[in-house]
Amino acid sequence: MDAHQQFNTNSLDAYWMPFTPNRSFKTAPQIVTGAQGMYYSMSDGHKLLDGIAGLWCVNAGHGHPKIVEAIQKQAAQLDFASSFGFGHPLVFEYANRLTSIAPEGLDHVFFTNSGSEATDTALKLALAYHHARGQGQRQRIIGRQRGYHGVGFGGLSAAGMGPHKKQFGMLLPGTAHMPHTHDPDRNAFSPGQPAHGAEIADALDQMLQTFDPSTVAAVIVEPVAGSTGVLVPPVGYLERLREICTRNSILLIFDEVVTGFGRLGRPFAADRFNVRPDLIAIAKGMTNGAVPMGGVIASNAVHEALMQNAASGAVEFSHGYTYSGHPLASAAALATLDVYVSEGMFEHAASIEPFWQERAHALKGLAGVADIRNLGLLAGIELGEDIAGGKAMAKKVYDYCFERGVLVRPVANTIVLSPPLVISETEMDMLFSTIAMSLRSL
């Protein structure tokens with residue numbers, strides 16, 4: 001019996017799958033059994049070009065031998081050590097290596113296990129920072145419409161995607177949301193950053209007049225909004241957010257779970273946009289997806305406020321996870337960063353971005369294409385005249401591409417692309433040519 005034949009509804013039923021229509025999936029399961037480089041192997045022998053880097057995370061390609069070796073070696077040497085009052089060498093080494101590529105002035109890392117935990121940790125750090133400075137009344141968190149910050153109560157409360165919230169009631173009090181930046185009337189089919197919309201950031205000033213700045217702890221945004229369909233910030237928008245936050249002593253948090261580690265051709269989106277936040281939430285590309293890990297890179301000001309205002313011998317930040325800085329995750333992260341640097345993957349991503357942009361925008365004019373958005377090695381192809389029609393089209397595009405050996409991601413009415421940074425021009429041609437054929441077949 002081959003691997004494909006082993007799967008049936010009964011054997012799959014025990015696993016409650018995340019963000020998946022379980023009943024539908026288990027009637028026709030798509031089972032991954034292997035991966036190497038740019039390709040997945042399915043249980044029926046089907047090969048898939050990975051156009052989404054696993055889930056925004058496999059930046060160095062699947063099964064990189066240096067990362068595999070590092071995990072295997074560490075598992076044999078030290079499988080686990082608590083980070084509560086203990087330490088192990090690799091986690092300190094990785095923290096130093098990571099901060100060496102972080103934006104200037106962000107020199108401290110608090111480790112988590114996922115992007116959801118990273119955003120919740122960043123929000124708690126913001127609240128703790130103001131508390132330490134005697135401004136505990138700063139409790140309001142401001143997010144953005146169409147934002148995604150994971151599935152923890154904090155990140156979900158700050159996020160702005162209604163379908164993710166409707167099952168869970170009121171969530172956390174004291175959150176508010178700025179308008180999103182999507183402006184198709186002025187910016188449709190913009191290559192790279194849209195020219196119009198910096199003034200959308202001024203909505204934050206208006207909100208501060210309503211709430212009073214002294215009650216606001218932090219503003220959290222994705223530099224490029226990923227899960228909602230790749231919304232690229234207009235020129236000047238992030239700079240304006242930074243200025244407003246600075247003027248009102250509000251912390252600015254960048255959720256770089258998607259954009260970190262080379263996705264935009266630089267170590268972080270903060271580098272690409274030359275805007276320095278106070279906290280950066282990270283995960284995904286941190287370990288190339290090989291071992292769960294996340295974290296928050298904190299500014300010196302945030303770190304020092306908590307260190308200097310705690311009583312002698314006290315825990316400065318009452319927060320953490322059993323697996324924070326896990327030895328296997330630290331080994332994977334160190335090896336991944338070595339691969340990124342030694343093999344020039346960030347530079348490669350930057351060098352092929354023009355070709356990526358050209359191939360993405362070549363889809364303009366095909367039936368059903370309503371907008372194309374791109375930056376770095378990210379692209380969103382919006383379909384249909386309305387959400388319902390576009391969603392149906394996106395599902396058909398996914399199915400067509402899957403059958404022909406290309407994996408894309410339908411998100412509502414948008415096809416989202418985020419390939420491994422090692423993608424070649426030939427593989428880009430295959431990816432976009434298959435999407436083009438799918439659109440012509442609709």
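Reader: Which residue of β10 is the bridge partner of phenylalanine 110?

Author: The partner is valine 296. Keep in mind that this is a predicted model.

Reader: What makes β4 and β10 a pair?

Author: Two strands pair if there are at least two bridges between them. Six bridges join β4 to β10 (residues 294-299), so the two strands count as paired. They run antiparallel.

Reader: Where does this pair sit in the sheet?

Author: The sheet is open and has seven strands, in the order β4-β10-β9-β8-β7-β5-β6, with mixed pairing.

Reader: Why are β4 and β6 said to stand at the edges?

Author: β4 (106-112) and β6 (175-178) each have a single partner strand, so one side of each is left without a neighbour in the sheet. As for the twist, neighbouring strands are turned by 20 degrees against each other on average, direction ignored.

Reader: Which helices go with the sheet?

Author: Helix α5 (residues 89-101) is one of them: α5 lies across β4, β9 and β10 and runs at about 135 degrees to β4. Helix α9 (residues 202-211) packs on the sheet too, touching β5 (140-144), β6 and β7 (216-221). The direction of α9 makes about 150 degrees with that of β6.

Reader: Let's look at β9. Why is alanine 281 called buried?

Author: Buried means under 20% relative accessible area. Alanine 281 has a relative accessible area of 0%, so alanine 281 is buried. Alanine 281 lies in strand β9 (residues 279-282).

Reader: What is alanine 281 in contact with, leaving aside its neighbours within four places in sequence?

Author: Its contacts are Ala118, Thr119, Phe254, Asp255, Glu256, Val257 and Gly295. Contact here means heavy atoms within 4.5 Å.

Reader: How many cavities of 30 Å³ or more are there?

Author: The count is two. About 120 Å³ of space lies in the largest cavity, and the second largest has a volume of about 40 Å³.

Reader: Which residues line the largest cavity?

Author: There are 15 of them, and His182, Asn187, Pro194, Val232 and Arg373 lie nearest its centre. The elements giving two or more residues to this lining are α8 (184-187) and β11 (369-375). With four residues, β11 gives the most. By class, the lining has six nonpolar, six polar and three charged residues.

Reader: What makes two residues in the lining of the second largest cavity charged?

Author: Asp, Glu, Lys and Arg count as charged. Arg144 and Arg146 are in that lining, so they are counted as charged. The lining also has two nonpolar and five polar residues.

Methods. Residues are numbered from 1 along each chain as its sequence is written. This is a predicted model: local features need pLDDT of at least 70, side-chain atom pairs count only at pLDDT 80 or more; totals for chains, interfaces and linings use all residues. Side-chain values use heavy atoms; hydrogens and water are left out. Buried means under 20% relative accessible area, exposed over 50%, partly exposed in between (1.4 Å probe, protein chains only). On a 1 Å grid over the protein atoms alone, a cavity is a set of points where a 1.4 Å probe fits but cannot get out, and a pocket is an open set with protein on both sides within 12 Å along at least five of seven lines; lining residues have an atom within 4 Å of a point. Grid points are joined across faces, edges and corners, and a volume is the space filled by probe spheres set on the points. Axes are lines fitted to C-alpha atoms, for helices over the stretch in contact, and angles run from 0 to 180 degrees between N-to-C directions.
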